Amino acid sequence: MSASEFQSTDTIAVRAGIETDTQYGAITPPLYLSSNYSFAGFDDKREFDYSRSGNPTRQILGQALADLECGFGGVITSTGMSAIFTALQLLKGGERVLAPHDCYGGTFRLFKSYAEKGLITLDFVDQTDEAALIEALDKNPKIVWLETPSNPLLRVVDIEKISLLAKQKDALVVVDNTFLSPVFQKPLLLGADIVVHSTTKYINGHSDVVGGAVIAKDEKVYEDLKWWANCTGVTGAPFDSFLTLRGLRTLDVRIQRHAKNAKKIVDYLVKSPAVEKVYYPGLEDHPQHAIAKKQQSGFGSMISFKLNGDVETVKRFLKGLRVFSLAESLGGVESLICHPSTMTHAAVSLEEQAIAGITQNLLRVSVGIENSDDLLEDIQRGFEHAHQPSSISSEQISVVA
Ligand SMILES: *Cc1c(COP(=O)(O)O)cnc(C)c1O
């Protein structure tokens, strides 16, 4: 493995593996689909022997992400969930995990199922509540899991502060950095030990690959992760790595444009009488705005907001949209909108949703890179549709008439 000679995020992403082909001098690195590699001779293994263990295309992506996150090495996995699964393999039986109560649904399900089987001990904690966090740390977790900003309410936690506290307990700090990407947040520079990504989202950015990555700050942890990924067989497919590397090249320009569009949409939403509340770390009244400003170099392009109205208002609003697609997932070039209660968080009981602040009038937006005027116009069209008389029931119309 060789670390990039470049320092800046945009150059690392653009130049990863460029001009490394020794055969023809290809500018972009070729895709190696071969499942296996010949030995140079008896007992003389080359760099790669079998693609589950190692693959040249996947290796370029792994190193590129490690360089972007300022880590030692990166393991590329089949999905974001298998990246999270790989990080869990660092635990011995029964060791404790301290995770955020509002973490990604798949992470929640995996941790909970592992705990139910007795494989780990688990505490879900509101990590923005300092007293609760300290109390949970006193139980000596082996892994402290962070996800910031959180989904869907974009709560932010202080990576540096929690990492310091975790270090006193000898815990490993893992940060799910999917929502911001290394362009806007570098957890390993803030004291974390491991970063995980669902590369399905911003890293690939084109909604055409499912993948993951787990990146370690130091060599020993990286070797362990790599060993477990090979052992359990969760390593990513070469073609997926090839596509993800292609998507990664434009990460910086995409992220900048995503954020620029998001800012315009937030500015519009906060002024609109159709909106009850906007959740965005870039807003000064966001409870952790100061932390976001300190540890992020941008506020990202995920926005949540509550419409003034009930679930029927939400349905009419969504029906009025023509540009935003009603879909889960995030981080692609196209704008998406979702209703967390019935979509991303449908597996969470209504009671637990209420505790997490997920209400029927809450919507989550993944802002794409379309022309911002088209996006604003679309939201306006949605608001008009949400309040248009034709969508009022006939009984109500007779009253109005
Ligand atoms: C999507 C997502 C995951 C899971 O990734 P997959 O690629 O869908 O397996 C994990 N964490 C966060 C924050 C995500 O958004």
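**Exercise 1.** Why is strand 6 largely enclosed by the rest of the structure?

*Solution.* The model under study is predicted. Begin with burial: a residue counts as buried when its relative accessible area is under 20%. Five of the five residues of strand 6 are buried, so the strand is largely enclosed by the rest of the structure. Next, consider the side-chain directions. In a regular strand the side chains alternate between the two faces of the sheet. Here Ile194, Val196 and Ser198 point one way from strand 6, while Val195 and His197 point the other way, and all are buried.

**Exercise 2.** Determine which strands pair with strand 6, and in what sense.

*Solution.* Take strand 7 (residues 212–216) to begin with: strand 6 (residues 194–198) runs antiparallel to strand 7, and five bridges join the two. Within this pairing, valine 196 lies opposite valine 214, and histidine 197 has alanine 213 as its bridge partner. Then take strand 5 (residues 172–176), which pairs with strand 6 in the parallel sense over three bridges. On that side, aspartate 176 stands opposite valine 196.

**Exercise 3.** Place strand 6 in the sheet and identify the edge strands.

*Solution.* The seven strands form an open sheet with mixed pairing, in the order 1-7-6-5-4-2-3. Strand 1 (73–77) and strand 3 (121–125) are the edge strands, each pairing on one side only. From one strand to the next, the twist averages 20°. Helix 4 (residues 105–116) packs on this sheet, where helix 4 touches strand 2 (96–100), strand 3 and strand 4 (143–147). The direction of helix 4 makes about 145° with that of strand 3.

Methods:
Residues are numbered from 1 along each chain as its sequence is written. This is a predicted model: local features need pLDDT of at least 70, side-chain atom pairs count only at pLDDT 80 or more; totals for chains, interfaces and linings use all residues. Side-chain values use heavy atoms; hydrogens and water are left out. Two strands pair if DSSP finds at least two bridges between them. Helices (H or I, at least four residues) and strands (E, at least two) are DSSP runs, numbered from the N terminus. Axes are lines fitted to C-alpha atoms, for helices over the stretch in contact, and angles run from 0 to 180 degrees between N-to-C directions. Contact means heavy atoms within 4.5 Å. Buried means under 20% relative accessible area, exposed over 50%, partly exposed in between (1.4 Å probe, protein chains only).
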